[in-house]
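Let's work through a ligand site together. Take a look at the model, then follow the solutions step by step.

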Amino acid sequence: MPQPLIERYRRWLSLDEGDPVVTLNEGSTPLIHSPRLSERLEADVHLKLEGANPTGSFKDRGMTVAVSRAKGQGAEAVICASTGNTAASAAAYAARAGLRGAVIVPEGKIAVGKLAQALMHGARVIALQGNFDEALAIVRELADRNPVELVNSVNPWRIEGQKTAAYEVCDELGEPPDALAIPVGNAGNVTAYWAGFQDYEASPVLYGFQAAGAAPLVEGHPVEQPETVASAIRIGNPARWEEAMNAFTASRGRVAAVSDDQILDAYRWLASSEGVFCEPASAASVAGLLAHGMPVADGAEQPRSVVCVLTGHGLKDPDTALGKAPAVINCEAELDTVERAVFS
Ligand code: AN7
């Protein structure tokens, strides 16, 4: 049975001995070889399937630690702003811990699976007439004014927990990869990976990818009206801006943009060619590698082993999947007709 990540990596996490462990047995997600992507990129590519976490995204790694800490410190409620996955995860861990949860999401802009999760776990879901960046600004003030723990990735415990994904990658491969590709929204996850690699004295080249309509780090300024089909990363003013840029610089990597078409092509290609169904935001990492390759600094060697982080499960967003997939074939219940439908 997989261990909760707090137990597996407790020595690296600065948790108090007395804190409760609020867990759904997150972490220890599959790292699978990707033969077709390896062929296309002329490198040895592995996919880190973070959609295999209990609520279907990497957010659970940070949430187990942040909610354990919040519970240990006597909090009665947690709150977050979210493009969807943080909301689903916060709601689940709040339920597990016996805490109240409230989530503020951009109205009409979160995938339907994530909404169902937050509601089923009993969180109060507030649909804001505004975008994620506005929601985050508001919850920060709410958390200052009220006895409620903020569990966005501005919370340092979220980053602590998310570092464990970098540990797992190194432990599973037996050594650090040469490079890591990752989608970037609020920039908490790339910050956490870099911190985790540094704990392991590893320094893979970090390639971050943003959606072209929501690419503040690439453009060098906040984006007022971010837009992308990858709703999870529809973020115009990342909270961990500086940390993320420092990580790209220190790792001799870079951040680049991918178009929605490139994201959707990679999304469908991964599902149909590699058997891996991730959500559109996650496919940005694969789209980025396919579109930009792996540029290196002068004199540096081309990466041989690469890990691509697939941050969330494809089932989160059935609407986008059905909009992109081929049509269903309707058929009457008659043998010859079915035979024709199957084999023609
Ligand atoms: C699938 O849930 O920001 O750069 O509020 O759900 O650490 O923000 C989600 C982000 C990538 C970007 N992939 O990670 C939220 C939220 C998926 C995501 C990201 C998110 P960060």
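**Exercise 1.** Which side-chain and backbone atoms make polar contacts with the ligand?

*Solution.* Start with Ser-82: an N or O atom in its side chain is 3.0 Å from a ligand oxygen, which fits a polar contact (a pair of N or O atoms within 3.5 Å). Next, a polar backbone atom of Thr-83 is 2.8 Å from an oxygen of the ligand. Finally, a backbone N or O atom of Asn-186 lies 2.7 Å from a ligand oxygen. The protein buries 99% of the 470 Å² that the ligand exposes alone (Shrake-Rupley method, 1.4 Å probe).

This is a predicted model, where local features need pLDDT of at least 70 and side-chain atom pairs 80 or more, while totals for chains, interfaces and linings use all residues. Numbering runs from 1 along each chain as its sequence is written, and side-chain values use heavy atoms, without hydrogens or water.

**Exercise 2.** How many residues surround the ligand, and of which classes?

*Solution.* Count 23 residues (a heavy atom within 4 Å). Then sort the shell: nine nonpolar, twelve polar, Gly among the polar class, and two charged.

Notes. A polar contact is a pair of N or O atoms within 3.5 Å; within protein, one must be able to donate a hydrogen and the other to accept it, and residues adjacent in sequence count only if both atoms are side-chain atoms.
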